[in-house]
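Please examine the sequence together with the three-dimensional structure shown below. The explanation that follows leads from paired strands to helices and then to the ligand.

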Amino acid sequence: MNRTLYDLTAADGTRFSPYCWRVKLALAHKNLAYETIPWHFTEKEALAASGQGKVPVLLDGANIVSDSQIIADYLERTYPNEASLFGEPPARALSMFVKQWAEMSLHPALAQVVVADIHRRLHPKDQEYFRLTREAMLGRRLEEFDATRHLALERLDLVLRPLRKLLTDQAFLAGEAPNWADHIVFGALQWGRLMSSTPLFQPGDALLGWMERVLGTYGLEGATPAA
Ligand SMILES: N[C@@H](CCC(=O)N[C@@H](CS)C(=O)NCC(=O)O)C(=O)O
């Protein structure tokens, strides 16, 4: 069966969407092969069949599924014989806290660091759209983010503190093996580390070790950022 994921791309081919990374890890977790189609912000017509304009969009045979959480639930329902993305029911409920924390605390903190970098690395046809939508969303000119990068990095460090402590004490958010909660947070940090012009992590950082463990679990260590 054909399985295809629309995957946000920068001009140089870097796939940087945190939501797409979640889904790529979830597909690997379920051992499901897939191909990606690089997608640019302004290519809305390519997603028309999904009834909305954002990625990830997964074409799974005849099924068209969008939104990373809906895709995760779809994969869990459709492929019950593959490794569970959530584990037991309480674990799925807890992963919803991780999702809300990632989207309401971690993504905004990362966005302040990388939004101007992302703009510089987009295909020219996406740049104006990205500037208009992100400046409206964040309430500031993109150039202002470069000037306040040091403050954004300090804020990010604070937001990451509990995660760093946790991942010093245990291998994965989900315990001894990664699951959807790890995929969600990985997606965010992968977005940040692929697109930030300044390194987000120092060598030896517990978060880096965890990211390598997540990729290693799925045999993705050597994966290029475009995979
Ligand atoms: N709730 C959605 C969010 C998806 C989302 O925001 N995707 C971004 C890329 S990271 C997008 O496609 N944005 C299109 C746009 O801003 O026009 C999910 O979990 O998949």
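Asp60 stands opposite Asn63 in β4. This is a predicted model, and the pairing just named belongs to a hairpin formed by β3 and β4, with 2 residues between the strands. Within that hairpin, Gly61 takes a positive phi near 60 degrees. Strand β3, residues 57–60, pairs with β4 in the antiparallel sense, over 4 bridges. Another facing pair can be followed along these strands: Val57 stands opposite Ser66 in β4.

The hairpin may now be placed in its sheet. The order of the strands is β2-β1-β3-β4, which makes an open sheet of 4 strands with mixed pairing. At the edges are β2 (35–39) and β4 (63–66), each of which pairs on one side only. From one strand to the next, the twist averages 20 degrees.

A helix is packed on two of these strands. Helix α1 lies across β1 (3–8) and β3, and the direction in which α1 runs makes an angle of about 155 degrees with β1.

Helix α1 also leads to the ligand. Which elements give two or more residues to the shell around the ligand? The shell comprises 13 residues, of which Ser17, Tyr19, Lys54, Val55 and Ser68 come nearest to the ligand. The elements that contribute two or more residues are α1 (18–29) and α2 (68–78). Sorted by class, the shell around the ligand holds 6 nonpolar residues, 5 polar residues and 2 charged residues.

Two further helices can be examined through their lengths. Helix α4 covers residues 124–138, and its 15 residues should span 21 Å because each residue is expected to add 1.5 Å. The C-alpha atoms at the ends of α4 are indeed 21 Å apart, in agreement with that expectation. Helix α4 nevertheless bends, by about 25 degrees at Phe130. After α4 comes Gly139, with a positive phi near 70 degrees.

Helix α8, residues 206–217, can be treated in a similar way. Its 12 residues reach 16 Å from the first C-alpha to the last, close to the 16 Å expected at 1.5 Å a residue. A glycine again follows the helix: Gly219, which comes after α8, has a positive phi near 65 degrees. Positive phi values have thus been noted at Gly61 in the hairpin of β3 and β4, at Gly139 after α4 and at Gly219 after α8.

Conventions: Residues are numbered from 1 along each chain as its sequence is written. This is a predicted model: local features need pLDDT of at least 70, side-chain atom pairs count only at pLDDT 80 or more; totals for chains, interfaces and linings use all residues. A residue is near a molecule or strand if its C-beta atom, placed from the backbone, lies within 6 Å of it. Ala, Val, Leu, Ile, Met, Phe, Trp, Tyr, Cys and Pro count as nonpolar, Asp, Glu, Lys and Arg as charged, and the others, Gly among them, as polar. The expected span of a helix is 1.5 Å times one less than its number of residues. The bend at a residue is the angle between axes fitted to the seven residues ending there and the seven starting there. Two strands pair if DSSP finds at least two bridges between them. Axes are lines fitted to C-alpha atoms, for helices over the stretch in contact, and angles run from 0 to 180 degrees between N-to-C directions. Two residues are in contact if their C-beta atoms, placed from the backbone, lie within 7 Å.
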